[in-house]
Every structure is written in structure tokens, then in C-alpha cells.
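Good morning, and thank you for making time for this presentation. I should like to take you through one structure, part by part.

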Amino acid sequence: MSNVWSNLGDWITERTPGMLPMYRKHMTEYYAPKNFNLWYYFGSLALLVLVAQIITGIFLTMNYNPSAAGAFDSVQYIMRDVEWGWLIRYMHSTGASLFFIVVFLHMFRGIIYGSFKRPRELVWLLGMLIFLVLMAEAFMGYVLPWGNMSFWGAKVIISLFGTIPVIGTHLVEWIMGDFLPGDATLNRFFALHVVALPIVLLLLVVLHIAALHEVGSNNPDGVDVKHGVKGNRWSPLAPADGIPFHPYYTVKDLVGVGFLLLIAAFIIFFAPTLGGWFLEPDNSIAANNLVTPAQIKPVWYFSPFYAIVRMVPSFMDTAVWGVIAMFGSIFVLFAMPWLDRSPVKSIRYRGRGYKIALTVFVIAFLGLCAVGTDTTAEVIPAWFGDVDVTFWENLFGRLMTLLYFGFFVFLWAYTYFGWETTKPVPDRVTTHD
Amino acid sequence: MADEVVDHGRRRFLTVTTAAVGGIGVVAAAVPFVESWQPSARARAAGAPVTQSLKKIEPGQQLIVAWRSLPIFIVNRTPQQLATLPKLNPRLVDPNSDVGQQPAYAKNETRSIKPQWLVMIGICTHLGCVPDYKGKIEPEPFDPNWQGGFYCPCHHSHYDIAGRVYKNMPAPKNMEIPAYHFIDDTTVQIGVDPKGAA
Ligand code: HEM
Ligand code: FES
């Protein structure tokens, strides 16, 4: 029997010589640092969710009707009449939110362990591109059910481009293919959501992983394992602190997969809308271009960026400043490798100022989330009674916006002018034997 | 082959011209794809004027009609509502409607042809939501001193009863007044200027 397999293996290898070396390079002979912790789960989990979105998405497409007249009904049809349609749709809608949870944590890991720094700048940049495409993918997916929130969400987000001076109005009509979101808009978003962007996303993910495996993974100590001490029990030339990805990390990642699926199953079966956070109630009303939902708020994963649009007031007759600030809040992350100039990667060995600033940044991000999801608009009157809500919300939101951007300014100054006192970084990972 | 002399200048010239011609071809081929996103002939054609009778709109009431799929607000404004307009000037961005958000015949205190009737495109100038009509002069959760007007649910811009935007709001401009005219005392047509006005 084993003879048959190895013969088959030889047969394939003779014809595609690249296959086996590739398997070795990325699996059995990819030596990953041995000290990965919880934070290192999220990359493989993002991959899992991506695959789940593609599979559930393909099956949704089989019953979904991309037209302004038919989209809403076809989603109801999926929910009520298609065998197991509700499950497939809830998997897809829950998957979208989990995708962002996983990706945010994955990015945060990159920040705390300095994984964006030399030599992994390209890994980070490719990751940021993935994040941009993912946001576009999620936004367009959100429009597809053609509920009233889909419609108005599309209108508001597309109008962001209308604030650009001179070309704005035409740009908006070009994106919508009409004077209001309609059939043309829905169909092109469908094409992008289902075909174009998933292809781009897959390509970027392959490049992201290839770029990482070229330079090797970082780790919670921020120690350079690849160029450090050599010799482990598999090879005298391999990094001493490295272990083969397969089977060590494939098995570890399986534990993460189990946890994520457990959480996903809980949400899908017991709270598929998660109290309006994963699926918004106003989206179970069909699109109506004459009635704006009483409360327009983006899905939670867009809320921090969207809050920034709201918090920046118009001046000089234009609303473009808020839009610039919003895009700036994402694009500034691209510059991380050049803003943070500290030679030390991991937060474990960095100065106190850095730790405080990062904490403030997390608070600002969550604060903006609260503003963007209208949580502050509900909480302020509930806690403080009869006060001017708009005033206090703006004050809070603008402070959070300043702190968000302030983090990057501080980080640059702190590391550029050498104000940081770092701790000595060990030359082996701390848990080596 | 081996002893042939390579003319590098010629080779570079051919490489560059091939790349340039190919590049122009790619750009030209992209044009139809980019242009295919423009509003189609059908979408552009669906924009005829709309006629609306005002008879059934009670004082203080708002009616929304669709024109080019845009919500058109028609409000029968009461004398009390009209009286708030001059008082609000200091709280507004553009009290005199200097920004071109209305035809010349509606550039006046009430932003209308007849003071009583407001005819306006009900689209927030921030990011295009449809503001709610909050016509009553009474305290509102968002403004204890509310003078009646429109409130945008999206990012909370406030407008007065003539669609003029308050200061310090996300929205930069007053709401737009469409071309319209009165066919007779109780009928308006939206999308067509009055006779004589350009
Ligand atoms: C790659 C990550 C993806 C993300 C983040 C994503 C996100 C979303 C979101 C947020 C929705 C709206 C949820 C709802 O209300 O139902 C949606 C709907 C949809 N998606 Fe995706 N999606 C992804 C991939 C895909 C792929 C690859 C396909 C198809 C090949 C697909 C097909 C669809 C269809 C047909 C709908 C509309 C049906 C419905 O709303 O239930 N998606 N997507
Ligand atoms: S769209 Fe009205 S305030 Fe933003």
C-alpha cells in the first residue's frame, strides 16, 4: 500500500517538481519560533474565516437575485424556503463580523510585537491592503440584501466621495451608475463582491504569506530567530529556537479553530443578529429611497472610522475634511514601519511611555467605536440626564479622534528623538530549553 | 548568431516604443470599461417634471413626493413657523442663502416663491440622508430650544424651517431648492423654472 502512495508521489513530483519543495518550504521545513502564544492564532483563523466566507458565499449566490426588485425577497426566500438557507446565510453574516474581530486582533498583535518592523514591512503593507479590500468587500456585501440600511448605508458611504471638490458629484454618479443607488449599483456591487474582490483578496493573502515565509515569523519576544543560534533536533542548520510548522503549529492552530467554531456556532444558533450588532434590525425592512431609517449607524466594524467623519465639522463650505480624516485614520497605519523607529520590537522590552500611549490608543479606538455605533448617544442621556447630548458627544468624540491621531504623532516623536528607555532584548526566546 | 553585433540603441528604442504603444492600447481598452459605470441612457431618461396638488396639505404639514427618485419636501408653513426665520440668523451658517443652493427666485428670506410653501430637495448636504421633519416649535432631545425645522438622523445635522443649516453641524450647506413653479394657486410643478426666470 505505502508503495502505491510513494509511487504516486514520485509520479507527481517528476511532472511538477515544484510541489514537494513548496510543501516543505511552507510546512514541514518552515521553522517558526517556538514561543508563539495566543496572539498567533489569529492569522490562521483569518484564513479559516476567509475559506468559510467563500464557501457560504458561493452557496448564497445560488439563490440570491442581484436586482433592486428581487434582492430583498431572495434573501427572505433564502431565510425561509431554501433548505438550510438560514444556516448558510447566518454563517456568512456572522462570518463577516468574526472576520473583523479576528483581523483586528491579528493587526493588534502586529503592533504590540513590532511585527511590522524591518524586515517585515512588506508583510505589514500587504496586510493593510488586505484590510482595505476586506472593508470594500464587507461594505458591498452589506448592500446586497437591499434592506433599508443597505440602501442608506450605500448612499451615505458613496456620498463620502461626493465631498471631493469639483469632481465629487460626477464621481458619485459614476460609482452608483444612477442618481440614487439602484439596480446598476446593486449589480456592480454584486459583481465586485462575489467575483472581483474575492480573487484580489486570495491573491493578496498568498502574497502576504509568501512574504512572511521569506523573512520568517516574528515572535512575542521580538527576537530574530532565523539569524540567531543554529541547530535544533531536526537539522544542525535550522534555527535553534525554531520548530517545524507541521506538525507543531498545525496542531496548535487546530485548537484555535475549535474555539472559533464553537463561538461561531453559539452565535449562529442562539443569537444570529447579536442584538443588532451583527445584523441590524432596520435591514429587515426593504430599501425605501424616501425614508431614512431613524438611526443610521454603520455595522460595528466600520464604526470607529465612521465616527471620525462625524466628529470633524465642515468648514470652508465643504464636508471633505471629515472624509480626509477618516481615510487618514486608515492610511496612517500603512506608515507604521516608518513612524515607529524604536530598535526594540516587542512590547515586553519597550519603554513605559510606549505602553501608556498604546493603552490610550486602544481606549480612543473603543471610544470612537462607541460614538460610531451611537452608544454614546444612548448612554449620555441615560447617565447624565437632561444635558445637551450633541455637545457632549462631539466633545468626547473629538477628544477620542485627537487621541487616535495623537498616538501616531507621539510614537514617531518618542522613538525619533530617542526619548524611549528600552530594556535589553535577550538573544534567545525566553522559553528556550 | 554569436558574432552578430547587438545594436543596443536600436534594441532600447524598440523596447520603449513597444511598451509605449502597448500602454496606450491598454489605456484605450480600459476606457469602455470605466465608462460603462456611467449612468445609462435609461437612467438619464427617467427625469421628467412632477406635478403636485397642494390642496390636501394642512398648515404645518409636510408632504414628500419623488422627483428623479429624489425626495421633494413640500411644507405648508404656518405664520408661527415663518416668524422663527429672522430670529435664527445668528445661529446659521448661511442665513442669506449666499451659496448657490437655490434658483435666484428662491434666494430670499423664506427660500421660496410663496412664503407659505417650502419646496425643497430633502437631502442632507452632509452625506445625503433624508432629514426628519420636526416642524413643531418645542423642546427636542437634541435641542431644548428647538425652533422647528429638519433633523438629520444620520449625523445629527439641524436645519431650520427653510432648510438653512445650523452652525457647527457636519452638513456644510443649506438644503437645495429645486427648480419649480406654480401652475395655479394650488398646484406646483417640480423640475421646471417659472416662466421668465432662467
Ligand atoms: C471575503 C470575505 C467576505 C466578507 C467579509 C463578506 C461579507 C458579507 C456581508 C457583510 C454580507 C451581508 C450580510 C447579510 O446581511 O446577509 C454579505 C452578503 C453576501 N455575500 Fe459575502 N462576504 C465575503 C465573501 C463572499 C464571497 C466570496 C461570495 C461569493 C462567492 C459572497 C457572496 C455573498 C452573497 C451572495 C451575499 C448576499 C446574500 C445575503 O445577504 O445573505 N461573499 N457578505
Ligand atoms: S447625512 Fe445628514 S448629517 Fe450626515
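Let me begin with a convention: angles between axes under 35 degrees count as roughly parallel, those over 145 as roughly antiparallel, those from 65 to 115 as roughly perpendicular, and the rest as oblique. Please also keep in mind that this is a predicted model.

We turn first to a pair of helices in chain A. Helix 6 of chain A, residues 121-143, packs against helix 7 of chain A, residues 148-162, at an angle of about 135 degrees. Their axes are 8 Å apart. An angle of about 135 degrees falls in none of the named ranges, and therefore helix 6 of chain A and helix 7 of chain A are oblique to each other. On the side of helix 6 of chain A, the contact is made by A:F139, A:Y142 and A:V143. Helix 7 of chain A contributes A:M149, A:S150, A:G153, A:A154 and A:I157.

The next topic is the metal site. Which protein residues donate to the iron atom of ligand 1? They are A:H92 and A:H193, each through NE2, at 2.0 to 2.1 Å from the iron atom. A:H92 belongs to helix 5 of chain A, residues 85-112, whereas A:H193 lies in helix 9 of chain A, residues 183-215. The two histidines are 101 residues apart, so that the pair links distant parts of the chain.

Why is the arrangement around this iron atom called octahedral? Six donor atoms surround the iron atom of ligand 1, and the angles they subtend run from 84 to 179 degrees, which makes the arrangement octahedral. For comparison, the ideal angles for six octahedral donors are 90 or 180 degrees.

Are the two histidines buried or exposed? Buried means under 20% relative accessible area. A:H92 has a value of 17% and is therefore buried; A:H193, at 12%, is buried as well.

I now move to chain B. Here three strands form an open antiparallel sheet in the order 5-6-7. Strand 5 (132-134) and strand 7 (158-160) of chain B are the edge strands, each pairing on one side only. On average, neighbouring strands of this sheet are turned by 30 degrees against each other, direction ignored. Strand 6 of chain B, residues 149-151, is joined to strand 7 of chain B by three bridges, and B:F150 stands opposite B:Y159.

Finally, strand 1 of chain B, residues 50-53, pairs with strand 9 of chain B, residues 187-190, in the antiparallel sense over four bridges. B:T51 has B:Q189 as its bridge partner. The covered face of strand 1 of chain B carries B:V50 and B:Q52, while B:T51 and B:S53 are on the uncovered one.

Methods: Residues numbered from 1 in each chain as written. Chains lettered and ligands numbered in written order. Predicted model: local features only at pLDDT ≥ 70, side-chain atom pairs only at ≥ 80, totals over all residues. Heavy atoms only, no water. Donors = N, O, S within 2.8 Å, 3.2 Å for Na, K, Ca; no water. Tetrahedral: all angles 85-135°; square planar, octahedral: opposite > 155°, others 65-115°. Buried < 20%, exposed > 50% of the residue type's maximum accessible area, 1.4 Å probe, protein only. Pairing = 2+ DSSP bridges. Axes fitted to C-alpha atoms, helices over the stretch in contact; angles between N-to-C directions. Contact = heavy atoms within 4.5 Å.
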